[in-house]
2 protein chains.
Amino acid sequence: MRDLAGRLDLCCINTATLGHREPIERIAERVARAGFGWLSPWRQEIDEAHPQRAGAAIRGAGLKVGGYCRTTYFTADDAVGRRAAIDSNRRAVEVAAELGAPLFVAVCGGLAPGSTDVNADRRHILDGLAALVPTLRATGVRIALEPLHPFYAADRSLLSTIAQAIDWCELLDDGGPPCFGIAVDAYHVWWDPALEASIERAGTRVLALHVCDWLRQTRDPLLDRGMMGDGVVDLRALRRHVEATGFTGPVEVEIFSKADWWQRDPDEVLAVCAGRLQRCC
Amino acid sequence: MRDLAGRLDLCCINTATLGHREPIERIAERVARAGFGWLSPWRQEIDEAHPQRAGAAIRGAGLKVGGYCRTTYFTADDAVGRRAAIDSNRRAVEVAAELGAPLFVAVCGGLAPGSTDVNADRRHILDGLAALVPTLRATGVRIALEPLHPFYAADRSLLSTIAQAIDWCELLDDGGPPCFGIAVDAYHVWWDPALEASIERAGTRVLALHVCDWLRQTRDPLLDRGMMGDGVVDLRALRRHVEATGFTGPVEVEIFSKADWWQRDPDEVLAVCAGRLQRCC
C-alpha cells in the first residue's frame, strides 16, 4: 500500500467536498495551494459549451483531473426521457475528454418516477450505458460505475453493490478495450459483507477510490457524510484492499455535508482533508 | 402462490405496526376482531417474569404467535456486555417458547460502541448466536436471523443481506436439526440485486416474511416506513419468490411509522392493513 505521508500529490479533491460555492477557477486555485495533485469537478461547475476554459484553469493551477461527475440518471418514465439522458451523457463524455478527465462517473438512476419494476429499470440503465460505447471509444474516456448505498435505490441508483457493478461490466463488455470500470466509494460500500471479496474480484476494474466517513448517528443519508476519521469506516483497510488490485489512481475526498463542512471556510476544509487523508486513510 | 383474498387467517400483525401504545391483551383483542390469525409481540409488551399471562391472552383471543421480537444486540464493548446480551437472549428464547412462538427474531447489532472492526463484531455476533443453541434445542424455538437494511449497519445490524444470513446459517449449522433460519423483510431487502437468487438459495431457511413499503421520499430511515402499496416495493413478486421456497407461514405486517400510522386509530390501521394485504401483497 502506498504511503500517503507527504504525498498529497496522490490525493484528489472532489469539488462536492467544498459545497459547490465558488467558480471552478477559484476552487482549483485553492486546491492546488493546499498541495493536492488532483481535482474532480461536477458538471454544474463547467460551462459544457466551452469546457476548454475550465480545463485550462485546472491545468493552469497545476492539477490533474481525476474524474468528471456525473451522469444524468438513465431511468425515466418513457423512451423520450431515456434518450434525452443518453444525449446528455454523451455530451458529458466529450466534455470529460476536453477536460482531460480519464473517467466519467456514473450514478445510474433509481426507479423511474412511476415504476416499481427494478428489473426493467436496470435493463434501461444497461441499455443507456451501452449506447455510450461509441463515444467512449472515440474519446478514450472510461465510465466508472459507482454503486450507491442501498438507501438510494429508489431515487438515485439501482446499482447498489460492487458485485453488481462487476456483473454489469461483464454484461457491457464487447470484447474491445474496456469502456467501463468501477468507482469504489467508502460511504456506499463499507457495510457490504462481500466487500473484500468483491474488490478482489473487481481487480483492475477499480478505477476510482472515494473516501469520506459514515457517521454512526447519520440521520440525513444524503448530506450528512463525515470527514475521514469521524465515523466508523476502516478507511485504511479499504485502501489496502483497493490498492491490492493494482490501483494507482488518486485517493479522492468526496464529502456531502450541508450542516457541517459546507458551512466552513474552504481552506479550512482542505487543510483538514489533507491531515485526515494522511492520518486515517 | 397462496391467494390472500378473504384469508386474513394467513396474515399476521407485528405489534410494532400499532406503535406499542396499548397492553398486549388489548392489542390481541383488536387484532383478532379485525380478522387476523396471527400476532407477533415485542419484548417490551411482555412481562418476561410471567409470560404465561400474555400467552393466555393471545391464545384466548384466538390468535397464534408468529414470532417474538427481538434479540438484544450481540455486539458490545467488552465480554461482560456480550455475556449479558446472551443471557438476555437466552431468557427471551424461553419466553418465546412459553408464548408458543415458533421463532425468536434476531436483530444482531451494529458495530460495538467504540469499534470500527466489522469482522470482529460479526464474529462476536456469531459466537453469541452459537451460545443459544442449547436453549434453542431444549425449547424447539428457532431463531430467524433478520438482515437489516444496510443503512443500519453501524448502529443496529451488521447482518445486511439474505446471502450473508444464509452464510451465517451454514456457519452455525452443527449437523443437528436447524436452529437458525431467516426473516425476509421487504423493507430491508427489496433493493438487493441478488434478491431472487438469494431467496431461492435460502430455500426452506426462510422462516418469516415481513411486509410494509419503502416510500420513495423516505427521509427518516427508522420510523418512516410505508403502508403496503404506498411505496416502490413489488410485494407480490417478493411473496411469490418466498412462497416458491415452500414457505407457508403467515404474511406479517411490520410498519414503523411515527409520524403517520402510529398517530392513527389502531382499528383504522388494522383495517387498512387488511385491505392492502389482499390488494398489494
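In strand β9(B), Glu252(B) is the bridge partner of Cys12(B), and that pair is a good place to enter this predicted model. Local features here need pLDDT of at least 70, side-chain atom pairs count only at pLDDT 80 or more, and totals for chains, interfaces and linings use all residues. Residues are numbered from 1 along each chain as its sequence is written, while chains are lettered from A and ligands numbered from 1 in the order in which they are written.

**Around strand β1 of chain B**

Strands (E, at least two residues) and helices (H or I, at least four) are DSSP runs numbered from the N terminus, and two strands pair if DSSP finds at least two bridges between them. β1(B) covers residues 11-14 and has parallel neighbours in β9(B) and β2(B), as the table shows.

| Partner of β1(B) | Residues | Bridges | Sense | A bridge pair |
|---|---|---|---|---|
| β9(B) | 251-253 | three | parallel | Cys12(B) with Glu252(B) |
| β2(B) | 38-40 | three | parallel | Asn14(B) with Ser40(B) |

In a regular strand the side chains alternate between the two faces of the sheet. Are the faces of β1(B) buried or exposed? Both are covered: Cys11(B) and Ile13(B) are buried on one side, and Cys12(B) and Asn14(B) are buried on the other. Buried means that 20 or more other C-beta atoms, placed from the backbone, lie within 10 Å of the residue's own; 12 or fewer makes it exposed, and anything in between partly exposed.

Helix α1 (residues 24-33) of chain B joins β1(B) and β2(B) in a right-handed β-α-β unit. Right-handed here means that, with the strands pointing away from the viewer, the path from the first strand over the helix to the second runs clockwise.

**The whole sheet**

In chain B, nine strands build an open sheet with parallel pairing, in the order β3-β2-β1-β9-β8-β7-β6-β5-β4. Its edges are β3 (64-65) and β4 (68-69) of chain B, each with a single partner strand, so one side of each has no neighbour in the sheet.

Chain A also has an open sheet of nine strands, with the order β3-β2-β1-β9-β8-β7-β6-β5-β4 and parallel pairing. There, two bridges join β4(A) in parallel to β5(A), residues 103-106, and Cys69(A) stands opposite Val105(A).

**The two copies**

A rotation of 180° with 0.0 Å of shift along its axis superposes chain B on chain A, with RMSD 0.0 Å (least squares on C-alpha atoms of residues with pLDDT of at least 70 in both). That is the relation of a two-fold axis.
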